[in-house]
Every structure is written in structure tokens, then in C-alpha cells.
Amino acid sequence: MRWLPVLYVAAVLLLEPLTPVDWPVSFALIAVPVLAAFGHGPVAVGAATVFAVGLEAVLAGTPCCAGRSAGYLWDRHYIASYICTALVGGLGAILAAHRIRRERTLADVRFVAETAQRVLLRPLPHRIGNLRLQSLYLSAAAEARIGGDLYEAVPTRFGVRLLIGDVRGKGLVAVETAAAMLGAFREVAYDEPDLLALADRVDTSMRRRATRLGGTETSERFVTAVFAEIPADDHVVRIVNCGHPPPVRLRAGEVRELDGGRPAPPLNLGMLVEDPYHLDTHPFRPGDLLLLYTDGVTETRDATGAFYPLLDRLRSWGPLPPAELLARLHDDLLAYSHKGLQDDTAALAVCQLPVEQPEEPLEEPPAG
């Protein structure tokens with residue numbers, strides 16, 4: 001955009017000698033200040049306006065190039081062109097000043113959003129005990145670096161506990177709901193020994209929050225989520241699925257969805273059924289990898305409207321470390337959607353390291 005005025009002037013200069021004298025292409029230079037306003041500031045737009053008026057005057061009375069005598073310089077049509085170019089230049093300077101203010105505002109909004117995301121979705125450690133972790137977050141809109149997708153991993157005396165979730169809706173309400181859920185999970189995860197009870201307590205916290213907010217959509221403020229627990233002394237993973245896409249376990253020669261087969265409602269909708277949530281236990285041996293993700297992954301569409309084939313992609317890639325797996329998933333999602341993601345996307349990959357590698361002790365948060 002910064003070079004567009006130069007290219008435009010070059011095109012006019014190429015066309016001017018090729019057109020008849022009665023068809024002065026130099027009148028097209030009126031647009032130069034507007035073009036300059038898209039990529040430059042008010043001062044540069046003013047300079048472009050002066051240059052455009054001067055070039056119009058040169059082309060109006062240059063026998064060698066335009067075939068016109070000096071008498072055309074003060075022709076009423078050319079005088080009107082000078083005046084119009086000056087007026088457009090003034091409007092272009094106002095447009096450039098407004099654009100710069102909007103760009104600065106957008107930069108401030110992005111900075112605040114990125115800061116909020118770092119607080120809400122704080123960076124996860126790449127290793128906890130004998131687990132290696134990696135996270136991924138993609139926003140559907142470049143201007144909105146934060147949304148309702150969430151993830152967390154905390155080391156406790158019961159094992160490493162994981163959370164991934166997707167808040168219904170968008171905007172500040174979704175962000176506030178995600179923050180409330182992460183806060184509840186981070187508080188309860190250290191104290192509640194049973195994973196199913198942990199999910200119930202987080203569900204209770206979300207219902208209380210929805211009730212405090214009030215309004216006609218209290219029951220619609222729900223969150224789909226997966227709670228997972230990987231104990232340090234047992235090669236299993238315990239999962240409580242609250243209406244969320246099932247995690248995927250990857251091991252050599254196998255890619256399997258860990259679906260308990262019993263549907264469960266999202267958080268804040270558990271009161272609609274008698275026995276809402278269930279605990280499922282699956283083997284999780286050294287070398288296995290657990291992939292948790294939001295529906296932004298599987299609902300990504302290509303140009304034909306086909307959904308992203310996650311399991312087929314995972315089978316074709318074979319066993320990969322968490323960082324490499326999510327990097328490839330990131331690139332593949334953007335390529336599959338032609339960089340047109342329609343929903344926020346989050347993923348969390350956890351790999352059980354071989355037993356011969358030394359384990360790092362789990363740490364509880366400091367008191368107070």
C-alpha cells in the first residue's frame with residue numbers, strides 16, 4: 001500500500017503519451033492523495049497532493065510529452081483539476097489522520113487482549129514429572145487474540161490434572177466465564193481427591209456464577225470440558241467428559257478416541273439429568289500421547305465445506321513429540337482452511353516419557 005501511489009503515477013505517465021491530446025489522462029492524478037492516505041500519514045499526503053498538482057501542471061503544458069502547448073496550463077479544465085486535487089488532498093489528509101488513530105487504538109486493544117490471554121491462559125510448563133506437555137491456541141480473528149477456549153495443567157499430590165474447555169458464545173462474557181472456570185479448577189484441583197467430585201464442584205461453581213449474572217439465558221451459559229488425571233504411580237489416565245469432544249490417545253500403531261460411550265451434558269447443564277458425569281479409566285503407558293482439543297479443530301472446514309479429518313491426519317503423521325505434533329496440527333489447520341478459521345481453537349498434548357528417564361517431583365503451590 002505504501003508504494004501504490006508511485007505505481008499509480010508511473011501508470012499515468014506511461015499512458016499520457018499514448019493518448020490523444022483531447023484525452024488528458026493527467027486528470028487521473030486527482031486520485032493520488034487518496035491512494036497515499038492508505039499507507040502514509042497526513043504530512044506525506046500533503047506532499048503527494050503538491051506533487052500531483054505540479055505534475056498535472058507539467059503535463060498540461062509539455063509539448064514534448066503530452067503534445068500540448070504552454071497555453072493549456074491555465075485552461076479552465078486544468079484549473080478545475082488543480083482545485084479538485086487540492087480538495088481531495090485535504091480529505092486524504094483527514095482520512096490518513098483518522099486511519100492512524102484507528103491503528104493505534106487497534107494496537108492498544110491487541111496489546112490488552114494479549115496481556116489478558118497471558119494472564120488467563122498462562123504458559124504451561126513443558127515438563128511436569130515424567131510428562132511432557134505442549135499447548136496450542138489459535139484465534140479465529142486476528143483482532144481478537146483471546147476467546148472462550150481454555151486449558152490448564154496443574155501438578156497435585158493426586159497426579160497431574162488437566163483441563164480443556166470451550167465456553168458457549170463469544171466476547172467478554174465468554175472470557176469472563178473462562179476466567180471463572182479456570183479459577184475454580186485451579187482452586188479445587190489441589191484439594192479434591194476424586195476427579196468426578198472435582199468436576200461436580202466446578203459445575204456447582206459455574207451454576208452459581210450463572211445465577212448471579214441473571215438474565216433469561218442463565219441455563220444457556222454452559223461450558224463443554226474434559227477433566228483428566230494422570231497419576232504418577234499408575235499407568236492410567238482418568239477422564240471425566242462434560243459434553244466435549246473426546247480426547248485422543250496416540251501410541252505406536254494406534255490412534256484411538258477415549259470415549260466412554262456415555263453422553264454427558266456440559267457444565268451448568270448437569271441438573272437436567274439424574275446422573276450427569278461419569279469417570280472413565282484408560283491405560284496410558286510410557287510413550288503414549290494424549291491429545292485434548294476443542295471443537296474448533298474438528299469443525300474446521302475446507303473450501304468444499306468438509307470437516308477436518310483429525311483422526312486420519314494423526315494416523316498419517318505417526319508418533320510425534322507433543323511440540324512437533326501441535327506445530328504440524330497448527331500448520332495443517334491453516335492450510336486446510338486456507339487461513340480462514342471460523343472458530344477459536346485450543347489443543348493440549350501430553351506425552352508419558354519412558355520410565356528410564358528420571359522423574360521430576362510434583363510441586364504443590366506455596367502456601368498463601
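Reader: What makes strand 3 and strand 4 count as a pair?

Author: In this predicted model, strand 3 and strand 4 (residues 159-167) are joined in the antiparallel sense over eight bridges. Two strands pair if at least two bridges are found between them, so eight bridges satisfy the requirement. In one place along strand 4, Asp166 is the bridge partner of Asp149.

Reader: To which order of strands do strand 3 and strand 4 belong, and is the sheet open?

Author: Five strands form an open sheet in the order 3-4-5-6-9, and the pairing is antiparallel. Strand 3 (149-156) and strand 9 are its edges, because each has a single partner strand and one side of each is left without a neighbour in the sheet. On average, neighbouring strands of this sheet are turned by 20° against each other, direction ignored.

Reader: How do you know that strand 6 and strand 9 pair?

Author: The antiparallel pairing of strand 6 (residues 236-242) with strand 9 runs over five bridges. The cut-off is at least two bridges, so the two strands count as paired. In this pairing, Val237 stands opposite His282 of strand 9.

Reader: What makes the side chains of strand 9 an alternating set?

Author: Along strand 9 (residues 279-283), Asp280 and His282 point to one face and are buried. Leu279, Thr281 and Pro283 point to the other face and are not buried. Such a pattern agrees with a general rule: in a regular strand the side chains alternate between the two faces of the sheet.

Reader: Why is Val236 called buried?

Author: The relative accessible area of Val236 is 14%. Buried means under 20%, so Val236 falls in that class. Val236 lies in strand 6, and its contacts beyond four places in sequence include Thr281, His282, Pro283 and Phe284. Val236 and His282 are 46 residues apart in sequence, yet their C-alpha atoms are 5.5 Å apart in space.

Reader: Which strands form the other open sheet, the one with six strands?

Author: Its six strands follow the order 1-2-11-10-7-8, with antiparallel pairing. Strand 1 (127-128) and strand 8 (254-257) are the edge strands, each pairing on one side only.

Reader: How do you know that strand 1 and strand 2 pair?

Author: Strand 1 and strand 2 (residues 131-138) share two bridges in the antiparallel sense. The rule asks for at least two, so the pair meets it. Arg127 stands opposite Arg132 in strand 2.

Reader: What makes helix 8 a helix that packs on the sheet?

Author: Helix 8 (residues 310-317) touches strand 7 (248-251), strand 8 and strand 10 (289-293), and its direction makes about 155° with that of strand 8. Helix 9 (residues 322-336) also packs on the sheet, where it touches strand 2, strand 10 and strand 11, and its direction makes about 15° with that of strand 2.

Reader: Why is Gln352 called buried?

Author: Gln352, found in strand 11 (residues 345-352), has a relative accessible area of 2%. The class of buried residues requires a value under 20%, so Gln352 belongs to it. Among its contacts beyond four places in sequence are Asn130, Ile230, His235, Phe284 and Asp288.

Reader: What makes the approach of Gln352 to Phe284 close enough for a polar contact?

Author: A polar atom of the Gln352 side chain lies 3.4 Å from the backbone oxygen of Phe284. The distance limit is within 3.5 Å, so this pair meets the limit.

Reader: Why is Leu14 called exposed?

Author: Leu14, in helix 1 (residues 4-15), has a relative accessibility of 64%. Exposed means over 50%, so the term applies to Leu14.

Reader: Why is Cys84 called partly exposed, and why is Cys242 called buried?

Author: Cys84 has a relative accessibility of 36%. Partly exposed residues lie between the limits of 20% and 50%, so Cys84 is one of them. Cys242 has a relative accessible area of 0% and is therefore buried.

Reader: How many disulfides does a search of the whole structure find?

Author: The search finds zero. A disulfide requires a pair of cysteine sulfur atoms within 2.5 Å, so no pair meets that distance.

Reader: What describes the protein as a whole, in helices, strands and buried residues?

Author: The protein has nine helices and 11 strands. Of its 368 residues, 44% count as buried. Among contacts between residues at least 6 apart in sequence, 70% join residues at least 24 apart.

Technical notes. Residues numbered from 1 in each chain as written. Predicted model: local features only at pLDDT ≥ 70, side-chain atom pairs only at ≥ 80, totals over all residues. Heavy atoms only, no water. Helix = DSSP H or I, 4+ residues; strand = E, 2+ residues; numbered from the N terminus. Buried < 20%, exposed > 50% of the residue type's maximum accessible area, 1.4 Å probe, protein only. Contact = heavy atoms within 4.5 Å. Polar contact = N/O pair within 3.5 Å; in protein donor to acceptor, adjacent residues only side chain to side chain. Axes fitted to C-alpha atoms, helices over the stretch in contact; angles between N-to-C directions.
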